[in-house]
Amino acid sequence: MSMDSAVLHVMEGRLRIKVPEVKGVPEEARAIERQLGGLDGVSDVAANPVTGSVLVFYDTELTGIDEITEALVLRLRRGH
């Protein structure tokens, strides 16, 4: 992730990440939703271009925070 990205909130099966690259860029928000939504165990992703946050719901038996953040890092490197 970028130096400004940060995990804001974690509950079992729910992760919210602040991603400045999403703020004001709806195309990047949709691209991140597609990227993370394709991960095993991810049931829903909502990237908000108004707030710059990404909310991910996932099955903790199939994936975890590390896999989700790694996929996000890959997307951000490719997108910028």
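Buried means under 20% relative accessible area, exposed over 50%, and partly exposed in between, with a 1.4 Å probe and protein chains only. The model is predicted: local features need pLDDT of at least 70, side-chain atom pairs count only at pLDDT 80 or more, and totals for chains, interfaces and linings use all residues. Residues are numbered from 1 along each chain as its sequence is written, and side-chain values use heavy atoms, with hydrogens and water left out.

**Exercise 1. List the elements of the protein chain in order from the N terminus.**

Step 1. Fix the terms: helices (H or I, at least four residues) and strands (E, at least two) are DSSP runs, numbered from the N terminus.

Step 2. The protein chain has 2 helices and 4 strands.

Step 3. Read from the N terminus, the order is β-β-α-β-β-α.

Step 4. The radius of gyration (taken over C-alpha atoms) is 11 Å. The globule rule (2.2 Å times the number of residues to the power 0.38) gives 12 Å for 80 residues, which is close, so the chain is as compact as a globular protein of that length.

**Exercise 2. Work out the order of the strands in the sheet, and state which strands stand at the edges.**

Step 1. Two strands pair if DSSP finds at least two bridges between them.

Step 2. Strand β1 (residues 6-11) and β2 run antiparallel and are joined by 5 bridges. Between β2 and strand β4 (residues 53-58) there are also 5 bridges, again in the antiparallel sense.

Step 3. The 4 strands form an open sheet in the order β1-β2-β4-β3, with antiparallel pairing.

Step 4. β1 and β3 (42-48) each have a single partner strand and stand at the edges, so one side of each has no neighbour in the sheet.

**Exercise 3. Describe strand β2: its two faces, its bridge partners and its turn.**

Step 1. Strand β2 covers residues 14-18. Leu15 and Ile17 make up its covered face, while Arg14, Arg16 and Lys18 make up the uncovered one.

Step 2. Take the β1 side. Arg14 stands opposite Met11, and Arg16 is the bridge partner of His9.

Step 3. Take the β4 side. Ile17, from the covered face, has Val54 as its bridge partner.

Step 4. β1 and β2 form a hairpin with 2 residues between them. In this turn, Gly13 has a positive phi of about 85 degrees.

**Exercise 4. State what share of the residues of the protein chain counts as buried.**

Step 1. Apply the cut-off from the start to the 80 residues: 40% count as buried.
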